[in-house]
Amino acid sequence: MANFENVNPMSEFNWEEFENGVTVGGNKEELTKAYDDTLNKIHEHEVVEGEVISIDKKEVIVNIGYKSDGIIPASEFRYNPELKVGDKVEVYVENQEDRGGQLVLSHKKARLQKSWENINEALETDAVIQGYIKSRTKGGMIVDVFGIEAFLPGSQIDVHPIRDYDVFVGKTMEFKVVKINQEFRNVVVSHKALIEAELEAQRKEIISHLEKGQILEGVVKNITSYGVFVDLGGVDGLIHITDLSWGRINDPHEVVELDQKINVVILDFDEEKKRIALGLKQLAPHPWDALDPNLKVGDHVKGKVVVMADYGAFVEIQPGVEGLIHVSEMSWSQHLRSAQDS
């Protein structure tokens with residue numbers, strides 16, 4: 001058995017060399033450098049891949065091959081309930097060492113940076129992307145694309161006017177990125193852009209087969225004070241208010257309603273300007289053709305005054321059939337200056 005009684009374990013240890021940074025096997029700085037060379041080279045504000053080595057309710061610990069592991073709040077992985085030890089995840093290096101010497105990582109910022117790269121690429125390549133419509137907002141909808149909130153204007157939801165935005169909330173749809181403000185990190189997307197190209201081909205096909213006098217079925221798409229726009233299956237036509245009815249009307253709503261299916265006749269069209277003039281009253285017999293054949297001069301009839309003018313009044317004796325009572329025929333008085341005086 002070896003005898004250790006007369007051996008001083010500290011007698012041969014050189015404290016001076018130790019204090020000067022010299023250790024067995026070489027210089028302390030050289031050993032530190034050799035150790036650092038075995039680690040991954042990382043830079044702050046870059047995205048790297050790491051491996052999940054531990055998970056609990058509050059934290060997820062990720063190893064990126066650096067001298068310390070990074071601790072990330074578990075809330076940043078809430079979107080991924082299936083996360084497990086050994087999974088590879090992308091992380092953003094916020095700080096190589098905080099005041100406590102801890103490596104500071106963020107998975108949320110890594111996803112955000114990757115999302116911006118994907119969105120910019122989608123704009124550059126005109127790619128079709130998927131998004132989830134989260135909620136309504138003033139003038140449109142909020143859409144989640146790659147984890148970023150984008151704005152979908154109401155005019156870009158569909159080629160048809162949308163009256164109820166709520167029906168789209170909670171839906172996943174396809175979009176194109178149409179605008180990005182890099183300074184304010186704003187993104188604008190469009191669903192309408194996806195179908196415009198297809199509709200343009202449909203329009204050309206439809207217009208190429210149009211003929212004057214042709215009768216088509218359409219759906220009332222929009223009603224204005226001057227007329228009605230009708231969707232003919234990919235191309236719109238306009239029924240002017242004067243072509244809605246043989247009788248006088250003040251508002252197109254008196255004749256049609258939104259989403260109503262109606263038959264219309266092609267009155268005229270301009271293939272270059274893509275304008276189509278439609279008629280509705282032309283599908284009904286002209287009122288004069290349906291006039292009572294027994295009606296004769298001298299008969300007494302009842303009518304409704306529809307227009308007043310200085311020179312007289314127009315009276316409708318049946319829908320679409322009007323007669324003029326001249327101001328001179330309104331009274332035996334010779335002093336009437338206009339029909340309103342009678």
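## Exercises on charged and aromatic pairs

Lys 84 forms a salt bridge with Asp 87, and their closest N and O atoms are 3.1 Å apart. The model is predicted: local features need pLDDT of at least 70, side-chain atom pairs count only at pLDDT 80 or more, and totals for chains, interfaces and linings use all residues. Residues are numbered from 1 along each chain as its sequence is written, and side-chain values use heavy atoms, with hydrogens and water left out.

**Exercise 1. Classify Asp 87 as buried or exposed.**

Step 1. Take the cut-offs: buried is under 20% relative accessible area, exposed is over 50%, and partly exposed lies in between (1.4 Å probe, protein chains only).
Step 2. Asp 87 has 17% relative accessibility, so Asp 87 counts as buried.

**Exercise 2. Find how many salt bridges the structure holds, then place the pair Glu 51 and Lys 88.**

Step 1. Apply the criterion: a side-chain nitrogen of Lys or Arg within 4 Å of a carboxyl oxygen of Asp or Glu. The search of the whole structure gives 11 salt bridges.
Step 2. One of them joins the side chains of Glu 51 and Lys 88, at 3.4 Å from N to O.
Step 3. Glu 51 is in strand β3 (residues 47-55) and Lys 88 is in strand β6 (residues 88-95), so the pair ties together parts 37 residues apart in sequence. Helices (H or I, at least four residues) and strands (E, at least two) are DSSP runs, numbered from the N terminus.
Step 4. Check accessibility. Glu 51 is partly exposed at 32%. Lys 88 is exposed at 53%.

**Exercise 3. Locate the two partners of the salt bridge between Asp 268 and Lys 212.**

Step 1. Their closest N and O atoms are 3.5 Å apart.
Step 2. Asp 268 belongs to strand β16 (residues 261-270), while Lys 212 is in the loop between α4 (192-208) and β13 (215-223). The pair links distant parts of the chain, 56 residues apart.
Step 3. Asp 268 is partly exposed at 36% relative accessibility. Lys 212 reaches 58% and counts as exposed.

**Exercise 4. Describe the aromatic pairs of the structure.**

Step 1. Rings of Phe, Tyr and Trp (its six-membered ring) pair if their centres lie within 6.5 Å; planes under 30 degrees apart are stacked, over 60 edge-to-face, and the rest tilted. The structure holds two such pairs.
Step 2. Tyr 226 and Phe 229 are edge-to-face, with 6.3 Å centre to centre and 85 degrees between the planes. Tyr 226 is partly exposed at 41%. Phe 229 is partly exposed at 24%.
Step 3. Tyr 311 and Phe 314 are edge-to-face too, with 6.3 Å centre to centre and 90 degrees between the planes. Tyr 311 is partly exposed at 44% relative accessibility.
Step 4. Look at Phe 314 again. The charged end of Arg 248 sits over its ring, 5.8 Å from the centre. The test needs NZ of Lys or CZ of Arg within 6 Å of the ring centre and within 35 degrees of the ring normal.

**Exercise 5. Map the surroundings of Phe 229.**

Step 1. Phe 229 lies in strand β14 (residues 227-231).
Step 2. Contact means heavy atoms within 4.5 Å. Not counting residues up to four places away in sequence, Phe 229 touches Val 219, Val 220, Lys 221, Asn 222, Thr 224, Gly 237 and Leu 238.
Step 3. The C-alpha atoms of Phe 229 and His 240 are separated by 8.8 Å, and these residues are 11 apart along the chain.
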